[in-house]
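Could you walk me through this structure, one feature at a time? I would like to know what to look for as I turn the model on my screen.

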Amino acid sequence: MAKILIVEDEADIQELLKNYLNEAGYELAMAGDGVEALNLAAKDHYDLILLDVMLPKIDGFGVLEVIRRESEVPVIMLTALDGEEFQIRGYDLQVDEYVTKPFSMPVLLRKIAAVLRRTSSSYTEKEEYLIYKDLKLDLQGYHAWMNERELDLTQKEFELLREFLLNLGRVLTRGQLLDLVWGMDYFGEERIVDTHIKNLRKKLQADYIETIRGVGYRIDKIH
């Protein structure tokens with residue numbers, strides 16, 4: 001489960017972000033000003049930071065500058081400052097995404113998933129295998145085994161399994177799986193995910209992929 005630090009001083013926006021991201025299955029921490037954000041970032045590990053620019057005590061640019069001295073944690077800036085000079089300043093400070101207010105929550109959720117996918121991809125390049133119970137994935141060679149029996153998987157089936165194992169215990173919606181496996185430029189039917197999940201279950205011959213009705217799918221690390 002990805003852990004996100006939300007840095008936002010406006011209570012209504014903070015609550016909006018909290019509700020949507022909780023529903024999407026993320027673990028959250030909250031900060032209302034720049035000093036609190038830096039304290040939390042120094043004490044704990046986060047997979048992504050949502051960072052407002054107009055903050056009390058230290059603004060978002062100052063927070064990002066300090067963070068980048070110590071960490072490459074992905075950062076998405078959320079701000080009403082939509083001028084080119086502000087966006088350039090953010091990207092010069094190595095922000096990953098610059099999102100202007102007002103923003104669409106469904107679009108923001110997809111941007112978050114895309115940034116986390118890029119981060120996960122660079123992480124998995126360092127790893128050779130992912131293992132869950134009797135399932136083993138060779139990330140470099142695109143091979144998969146179940147009880148030492150090699151599975152005949154398509155590329156998409158393999159990538160779906162990879163994303164489930166990278167996000168153990170987290171519910172992934174059809175939209176998130178489409179972004180992670182098919183890419184953000186895919187505009188076909190979401191039901192293609194269901195078809196691939198059905199085929200995966202047949203090939204695994206094990207009840208690893210759980211359907212969360214009305215939400216999506218997960219492989220639950222607790223089971």
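Here is a short tour, from the sheet to the backbone details and then to a pocket.

Please keep in mind that you are looking at a predicted model. A good place to begin is the open sheet, which has five strands in the order 2-1-3-4-5 and parallel pairing. At its edges you will find strand 2 (27-31) and strand 5, each of which pairs on one side only. On average, neighbouring strands of this sheet are turned by 20° against each other, with direction ignored.

To get a feel for the pairing, zoom in on strand 1 (residues 3-7) and strand 2. These two run in the parallel sense and are held together in the pairing pattern by five bridges. If you would like one pair to click on, choose I6, whose bridge partner in strand 2 is M30.

Now move to the other edge of the sheet and follow the backbone around strand 5. Ahead of this strand comes a loop that starts from helix 4 (84-92), and Q94 sits in that loop. Q94 deserves a look, as its phi is positive, about 70°, although the residue is not a glycine. Is Q94 buried or exposed? With a relative accessible area of 54%, Q94 is exposed, because the cut-off for that class is over 50%.

On the far side of strand 5 (97-100), another loop leads to helix 5 (105-124), and P102 lies in it. Here the peptide bond between K101 and P102 is cis, with omega at about -5°.

A second positive phi is waiting at Y142, with a value of about 60°, and this residue is not a glycine either. You can find Y142 in the loop that links strand 7 (135-138) to strand 8 (143-146). Its relative accessibility is 35%, so Y142 counts as partly exposed.

Let us finish with the second largest pocket, which holds about 390 Å³ of space. Its lining is made up of 13 residues, and the ones closest to the pocket centre are A24, L109, T173, G175 and Q176. Which elements give two or more residues to this lining? They are helix 1 (11-23), helix 5 and helix 7 (174-182). As for chemistry, the lining is a mixture: five of its residues are nonpolar, four are polar and four are charged.

Key: Residues are numbered from 1 along each chain as its sequence is written. This is a predicted model: local features need pLDDT of at least 70, side-chain atom pairs count only at pLDDT 80 or more; totals for chains, interfaces and linings use all residues. Side-chain values use heavy atoms; hydrogens and water are left out. Helices (H or I, at least four residues) and strands (E, at least two) are DSSP runs, numbered from the N terminus. Buried means under 20% relative accessible area, exposed over 50%, partly exposed in between (1.4 Å probe, protein chains only). Two strands pair if DSSP finds at least two bridges between them. Axes are lines fitted to C-alpha atoms, for helices over the stretch in contact, and angles run from 0 to 180 degrees between N-to-C directions. On a 1 Å grid over the protein atoms alone, a cavity is a set of points where a 1.4 Å probe fits but cannot get out, and a pocket is an open set with protein on both sides within 12 Å along at least five of seven lines; lining residues have an atom within 4 Å of a point. Grid points are joined across faces, edges and corners, and a volume is the space filled by probe spheres set on the points. Ala, Val, Leu, Ile, Met, Phe, Trp, Tyr, Cys and Pro count as nonpolar, Asp, Glu, Lys and Arg as charged, and the others, Gly among them, as polar.
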